[in-house]
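I set out to record how two helices pack in this model and what surrounds a few of the side chains. The entries follow the order in which I looked things up.

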Amino acid sequence: MDRDTNPYSSPIDANSVAADENGNQPLSVLAKRIFLDWEKLRLAYVAILGLVTIVAIFLRQTISPRLVVDVVLGAVLANACFFAGPIVETYVRWLGYQAAWPRWAMFAIGTIFACGLAVVTVLMATGPMF
């Protein structure tokens, strides 16, 4: 079924959008590909961050309502901050730099930073909130 007969088809199809004379794709196609690649990395990010948080909670040896709130808020914030990676990579690639290392550098640095914040949050959490 082609796009003309399917009213629910995407207005932008990566397979039907041609690259320009320099081989560059439109920004929307480039961003879609990069964001989908980063979503695969999110699985590793969440797994690593979750494991570090669980180990830090185990080392703390106590769980308080305040700790639970801090961990949940930290997880939401960490996932929101994760979006910096695909946004920066899209911009860098849109400017013409096509090397793969910025993705891996941003992922590694961001994950290490988030793990450090998770450990500090868990170990420095105060007593009961209520």
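Entry 1, helix packing. I worked on a predicted model. I first looked up the handedness of the crossing of H1 and H4, and it is right-handed. By class, I found 19 nonpolar, three polar and three charged residues in the contact of H1 with H4. I then noted the geometry: helix H1 spans residues 27-60, helix H4 spans residues 101-124, and the two pack at an angle of about 25° with their axes 9 Å apart. Angles under 35 degrees count as roughly parallel, and H1 and H4 are therefore roughly parallel to each other.

Entry 2, nonpolar core. I looked up the largest nonpolar core and found twelve residues in it, among them Leu30, Trp38, Tyr45, Phe82, Phe107 and Ala118. H1, helix H2 (65-82) and H4 are the elements that give two or more residues to this core. H1 gives the most, with six residues.

Entry 3, tryptophan 38. For this member of the core, I listed the contacts, leaving out residues up to four places away in sequence. Tryptophan 38 touches Phe82, Gly85, Pro86, Glu89, Arg103, Met106 and Phe107.

Entry 4, isoleucine 57. I located isoleucine 57 in helix H1. Is isoleucine 57 buried or partly exposed? Its relative accessible area is 22%, and buried means under 20%, so isoleucine 57 is partly exposed. Beyond four places in sequence, isoleucine 57 touches Ile63, Leu67, Val71 and Val122. For one of these, leucine 67, I also recorded the C-alpha separation from isoleucine 57: 8.9 Å, at ten residues apart along the chain.

Methods: Residues are numbered from 1 along each chain as its sequence is written. This is a predicted model: local features need pLDDT of at least 70, side-chain atom pairs count only at pLDDT 80 or more; totals for chains, interfaces and linings use all residues. Side-chain values use heavy atoms; hydrogens and water are left out. Axes are lines fitted to C-alpha atoms, for helices over the stretch in contact, and angles run from 0 to 180 degrees between N-to-C directions. Angles under 35 degrees count as roughly parallel, over 145 as roughly antiparallel, 65 to 115 as roughly perpendicular and the rest as oblique. A crossing is left-handed if the near helix is turned anticlockwise from the far one by less than a right angle, and right-handed if clockwise. Ala, Val, Leu, Ile, Met, Phe, Trp, Tyr, Cys and Pro count as nonpolar, Asp, Glu, Lys and Arg as charged, and the others, Gly among them, as polar. Buried means under 20% relative accessible area, exposed over 50%, partly exposed in between (1.4 Å probe, protein chains only). Contact means heavy atoms within 4.5 Å. A nonpolar core is a set of buried Ala, Val, Leu, Ile, Met, Phe, Trp, Tyr and Cys residues joined through side-chain atoms within 4.5 Å.
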